[in-house]
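Grab a pencil and work through a few short exercises. Try each task yourself before you read the solution.

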Amino acid sequence: MTPLPDRAPASPTTDEQKPAVAASSRNPALTLPRPSLLLSRYAVVGVWAIMTAVFTLAAPDTFGQIATFQNIFGSQQALVFLALGALCTFVAGEFDLSIASIMGMSATSVPVLVVLHGVSLGVAVLAAIGVAVLSGLVNGLLVVHLGVDAIIATLGTGTFLLGMASWISGQTTVGGLDVGYGNFVQQTLGGLPLSFYYGIVLAIAFGYVLTFTPLGRYLTFVGANAEVARLAGVNVNAIRIGSYVVGSLVAGVGGVLLVLSTGGYDSTSSPQYLLPTFAAAFLGTAVVRPGTFNPIGTMVAIYFLATGIVGLQILGLNGWIQNAFYGAALVVAVSIASVVRHRRSK
């Protein structure tokens, strides 16, 4: 029997084929992606388009109006900041259940300080963001230096902050902020509030850091395998703690923008943001870069979920549909992420 060669012989190349082969080897972008790869990356986008078309045909006088899409894209800023904040920890291989309470604490602190205690808005905003950063630092130290399980530590921190927010607000909605404070959030551009564009800028900046900077590569490296990263000389502990701090900072800024746009905040409403945040972050792993937490995929997931909920509510499914839709999306998203990770490990 003739032994098989170590490598397959090179296929003959004609003179006409040589320039094309050379060009494609110089520029990988000229190589067309496989259909299966495109399907895995953009299946959610395709389902989103089909879902939008179905809702538009079913309710052309309500869902099919421009105002509906302005509402979908202009009302998700708190969730955008929360999901991107949570993504900071997810990329580093960490977990933060306190992220919604951190946002709620920041959103509660501003009207309490300004309206109830007469503090200037600038000082109140700095204090709110400072509390968020401190919360992230505490989470990081508990998990990284004391070795407390991340779920237990952040669940405890989140519950503590929820209680503190209820205490300082007197367990009631604190409002009365000057409407002028929200101008740089509520003013519209192209029919959408400026806060929508803040979220877009944040997602693009996050994506740039992850893709093109050493910090982003270290963050991804630590999330993929912390021990290997440590052996390679990466300061793993600093990266892990930093992910909690930056994630909390982003959530705190989101809380400030939320309260400036509404003029007040109900401290007990924070937990309702946690499930949508996790659903969006995990569903985002099925978009653009399957199996990987990425900000662009998360943004697509946020508006995909919002479109589904608004459409179903317009069709008459009110009340229970929001929790059911977010819960189902989280289960499906985590399942998809598990399947992709399993295939990669083979």
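**Exercise 1: How far to trust the model**

Residues 1-30 keep a pLDDT under 50, and for them the model has six contacts beyond four places in sequence. Here pLDDT is the predictor's confidence in each residue, from 0 to 100, and a contact means heavy atoms within 4.5 Å.

Before going on, two ground rules. This is a predicted model, where local features need pLDDT of at least 70 and side-chain atom pairs count only at pLDDT 80 or more, while totals for chains, interfaces and linings use all residues. Residues are numbered from 1 along each chain as its sequence is written, and side-chain values use heavy atoms, with hydrogens and water left out.

Task: find which helix has the lowest confidence and which has the highest.

Solution. Step 1: start with the whole protein chain, which averages a pLDDT of 85, with 86% of the residues at 70 or above. Step 2: go helix by helix (helices are DSSP runs of H or I, at least four residues; strands are runs of E, at least two; both are numbered from the N terminus). Step 3: the low end is helix α1 (residues 17-26), with a mean of 42, and the high end is helix α6 (residues 121-145), at 96.

**Exercise 2: Inside or outside?**

Task: decide whether Ser106 is buried or exposed, and list what Ser106 touches.

Solution. Step 1: locate Ser106 in helix α5 (residues 99-116). Step 2: Ser106 has a relative accessible area of 1%, so Ser106 is buried (buried means under 20%, exposed over 50%, partly exposed in between, with a 1.4 Å probe and protein chains only). Step 3: setting aside neighbours within four places in sequence, Ser106 contacts Ala128, Ala132 and Gly252.

Task: now do the same for Phe221 in helix α10 (residues 214-224).

Solution. Step 1: Phe221 comes out at 31%, so call Phe221 partly exposed. Step 2: beyond four places in sequence, Phe221 touches Ala226, Val228, Ala229, Ala232 and Val234. Step 3: take Val234 from that list; Phe221 and Val234 sit 13 residues apart in sequence and 8.8 Å apart in space, C-alpha to C-alpha.

**Exercise 3: Odd phi angles**

Task: where do Gln171 and Val288 sit, and how exposed is Gln171?

Solution. Step 1: Gln171 isn't a glycine, yet has a positive phi of about 55°. Gln171 lies in the loop between α7 (150-169) and α8 (183-186) and is exposed, at 66%. Step 2: Val288, also not a glycine, has a positive phi of about 70°. Val288 lies in the loop between α13 (274-283) and α14 (295-314) and is partly exposed, at 24%.
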